[in-house]
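Let's take a look at one corner of a protein and see how its strands fit together. Have the structure open and follow along.

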Amino acid sequence: MTTRHDVRRRLLTAATASVLALGLAACGEDTEPSPGGTTTPPVGTEPTTEPGSATPTEDATTTAPTGEPSGEETDQSALPPFEPAGTPRTSEPSGDLLLPVDLRVGDHEGYERVVIDLEGVGVPGWQTEYVTEAIEDGRGERVDVAGDAILSVYVSGTRYPHEGEAHYVSQGPVDGSDVIEEVHYLGTFEGLTQLFIGVDGGPADYRVLTLSNPARLVIDIAED
């Protein structure tokens with residue numbers, strides 16, 4: 001059984017290894033960080049292939065988020081298939097530490113989407129799984145999340161805003177429109193950004209992918 005302590009230790013170890021690898025790479029030739037990551041399946045389960053990401057098509061300049069989806073976010077041909085609800089998923093970050101700047105929820109044909117916009121060069125890591133209750137890191141308090149199932153999301157490779165730097169993500173629940181009841185963004189604690197997605201009708205299949213230029217983490221929840 002995966003515990004919150006195991007999740008945090010695994011993600012922090014992965015993030016540290018990624019930073020060390022980037023430091024060594026800086027001594028050689030510069031390379032462009034690639035989106036996505038490798039899935040590490042839980043012990044006792046068959047390996048699964050982690051969803052990839054679309055080829056970046058946007059300019060790398062990042063400004064305050066507008067809330068409008070990009071072309072690569074709406075390109076249906078580039079999207080990977082949904083995976084079973086009961087499969088936890090993990091991917092390592094690549095690039096700089098990223099600052100979360102916005103959270104968006106959108107309704108699409110056949111699924112509902114959560115997008116976390118980030119500022120910086122690279123792509124975030126993540127750990128996702130359905131949990132029986134939502135517990136806020138740091139304070140250890142229970143979070144009331146509307147819905148029949150709760151998808152826990154940790155975004156790794158993130159940071160706090162620097163002094164004088166804007167932070168656009170609002171605290172508190174963001175309403176969904178169909179299969180997603182609401183999304184609770186809880187902020188960043190020790191390099192991990194935590195949020196919970198309340199899902200209507202019980203655990204639903206979902207997919208996770210990263211996009212770059214600018215960096216985004218995308219979670220799609222399948223509708224019945």
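## The hairpin

Start with S13 and S14, which make a hairpin with four residues linking them. Look in the turn for Asn213, whose phi is positive, at about 55°. Keep in mind that this is a predicted model.

The two strands of the hairpin run antiparallel, and six bridges hook S13 up to S14, residues 216-222. Want one spot to check by eye? Thr210 sits opposite Leu217 in S14.

## The sheet around it

Now zoom out. The hairpin belongs to an open sheet of four strands, in the order S3-S4-S14-S13, with antiparallel pairing. At the edges you'll find S3 (99-108) and S13 (206-211), each of which pairs on one side only. Ignoring direction, neighbouring strands in this sheet are turned by 15° against each other on average.

## An edge strand under cover

Is S13 mostly covered or mostly open? Mostly covered: six of its six residues are buried.

Side chains in a regular strand alternate between the two faces of the sheet. In S13, one side carries Tyr206, Val208 and Thr210, while the other carries Arg207, Leu209 and Leu211. Every one of these is buried, and both faces of the strand are covered.

Note on methods: Residues numbered from 1 in each chain as written. Predicted model: local features only at pLDDT ≥ 70, side-chain atom pairs only at ≥ 80, totals over all residues. Heavy atoms only, no water. Pairing = 2+ DSSP bridges. Axes fitted to C-alpha atoms, helices over the stretch in contact; angles between N-to-C directions. Buried < 20%, exposed > 50% of the residue type's maximum accessible area, 1.4 Å probe, protein only.
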